[in-house]
Amino acid sequence: MKQAEHPLRDRGAGFLSRNLSGFFGLDNPQRAMTAGQLRLLAFVGGHLGSARENLRMLTLLEEKQKSLEQNLQAVKLEQQMLKVLCKDSTSVYRVDLMNDRAEIVKIEEHSNSAGDLLPHGQELFSYAEAVEHFYHKCVLKESAPDFLQFLDAENLMRELRTKDRISRRYQSVPNAIGNIYFEVRVNRVQQTETSFQILLDFRSVDEIVKEEREHQHALETALTESRMSYEVISAISKIYYTIYRIDLRTGYYEEVASERQMHRLTGHSGRASVHMSEMSKQSIVAGVSALC
């Protein structure tokens with residue numbers, strides 16, 4: 001190897017994988033270089049270039065590691081938020097309607113779909129096939145005949161273009177803990193040109209249905225009692241000229257019935273003592289006039 005054939009190496013050039021990566025200075029660059037010294041310089045240059053490349057790669061790896069840790073923290077935070085928001089849900093799924101892909105976010109072991117979907121783990125599965133299988137296996141058809149139509153991907157994308165959330169109740173076969181009334185909720189997450197992300201969750205509403213039925217029964221009972229009271233007032237009103245409802249604590253009265261308006265508040269109200277005194281005077285005057 002002749003010195004003249006490698007002028008860059010005479011000046012302390014550093015090569016890595018036959019690529020020039022930099023230069024390093026010499027104390028006396030004018031000194032004649034032997035072939036051994038040139039090889040030594042090439043070796044040192046390659047070593048320094050390798051060290052420099054290793055430092056660069058180490059810096060990149062540290063940056064990527066930091067980015068991965070930040071992404072992992074964001075994913076953990078998202079999972080924690082989903083667990084809090086979906087605490088009352090028996091199962092939750094992240095679904096891409098446009099690409100017919102779904103994945104499990106949360107699923108309770110007592111859920112009706114646990115036996116079919118838990119084996120998927122974190123794997124993606126067909127949303128349309130899962131919904132149809134669940135409908136035929138678990139949903140009572142008479143409780144939600146439009147169940148499949150409601151959860152159809154095209155229908156959901158159409159509805160969620162103008163709404164953030166839609167829901168539908170249905171009745172199913174009892175799950176492992178005996179729940180039969182459920183609500184499916186669909187929340188829009190993100191929409192792009194290539195995907196339509198939603199969060200689909202199912203929750204038991206047995207307690208809610210029970211409370212609603214008790215409330216409905218109480219309303220029906222109150223209505224029945226009101227009708228009975230109305231009938232009693234109707235019967236009494238036929239033999240009395242006027243009926244008043246008086247609050248004895250405040251002395252306030254309201255006229256309930258008259259010859260012209262039966263069984264309703266007539267709008268006449270005021271201080272009971274004043275009104276009764278006036279009515280008494282009018283009765284006395286009318287009686288005296290009749291005697292005369």
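Helices here are DSSP runs of H or I, at least four residues long, numbered from the N terminus. Keep that in mind as you work through this predicted model.

**Exercise 1: Get your bearings**

Find out how many helices and strands the chain has, and what share of its residues is buried.

*Solution.* Start with the elements: there are 8 helices and 10 strands. Next, look at burial: of the 292 residues in the chain, 29% are buried. Then turn to the outside, where the chain exposes about 20500 Å², with carbon and sulfur atoms supplying 54% of that area.

**Exercise 2: A pair on helix 2**

Work out how arginine 56 and glutamate 53 are placed along their helix, and what links them.

*Solution.* First, locate them: both sit in helix 2, 3 residues apart, which is about one turn of the helix. Second, check the link: the two form a salt bridge, and their closest N and O atoms are 2.5 Å apart. In general, side chains of opposite charge can pair when their charged atoms come close. Third, classify the partners. Partly exposed covers the range between under 20% (buried) and over 50% (exposed). Arginine 56 has 44% relative accessibility, so it counts as partly exposed. Glutamate 53, with 28%, is partly exposed too.

**Exercise 3: Buried or exposed?**

Decide whether arginine 203 is buried or exposed, then list what its side chain pairs with.

*Solution.* Begin with its place: arginine 203 lies in strand 7, which covers residues 196-204. Its relative accessible area is 17%, so arginine 203 is buried. Now for its partners: its side chain makes a polar contact of 2.7 Å with the side chain of glutamate 183, and another of 3.4 Å joins it to the side chain of aspartate 88. Leaving out residues up to four places away in sequence, arginine 203 also touches others, including Tyr181, Phe182 and Ile208.

**Exercise 4: Salt bridges elsewhere**

Say how many salt bridges the whole structure holds, then look at the one between aspartate 247 and arginine 249.

*Solution.* The count comes to 12 salt bridges. In the bridge between aspartate 247 and arginine 249, the closest N and O atoms are 3.6 Å apart. Now compare the partners: aspartate 247 is partly exposed at 29% relative accessibility, whereas arginine 249 is exposed at 78%. Finally, salt bridges with shared partners join Asp88, Glu183, Arg185, Asp201 and Arg203 into one network.

Methods. Residues numbered from 1 in each chain as written. Predicted model: local features only at pLDDT ≥ 70, side-chain atom pairs only at ≥ 80, totals over all residues. Heavy atoms only, no water. Helix = DSSP H or I, 4+ residues; strand = E, 2+ residues; numbered from the N terminus. Buried < 20%, exposed > 50% of the residue type's maximum accessible area, 1.4 Å probe, protein only. Areas by Shrake-Rupley, 256 points an atom, 1.4 Å probe, with all protein chains shown as cover. Polar contact = N/O pair within 3.5 Å; in protein donor to acceptor, adjacent residues only side chain to side chain. Contact = heavy atoms within 4.5 Å. Salt bridge = Lys/Arg side-chain N within 4 Å of Asp/Glu carboxyl O.
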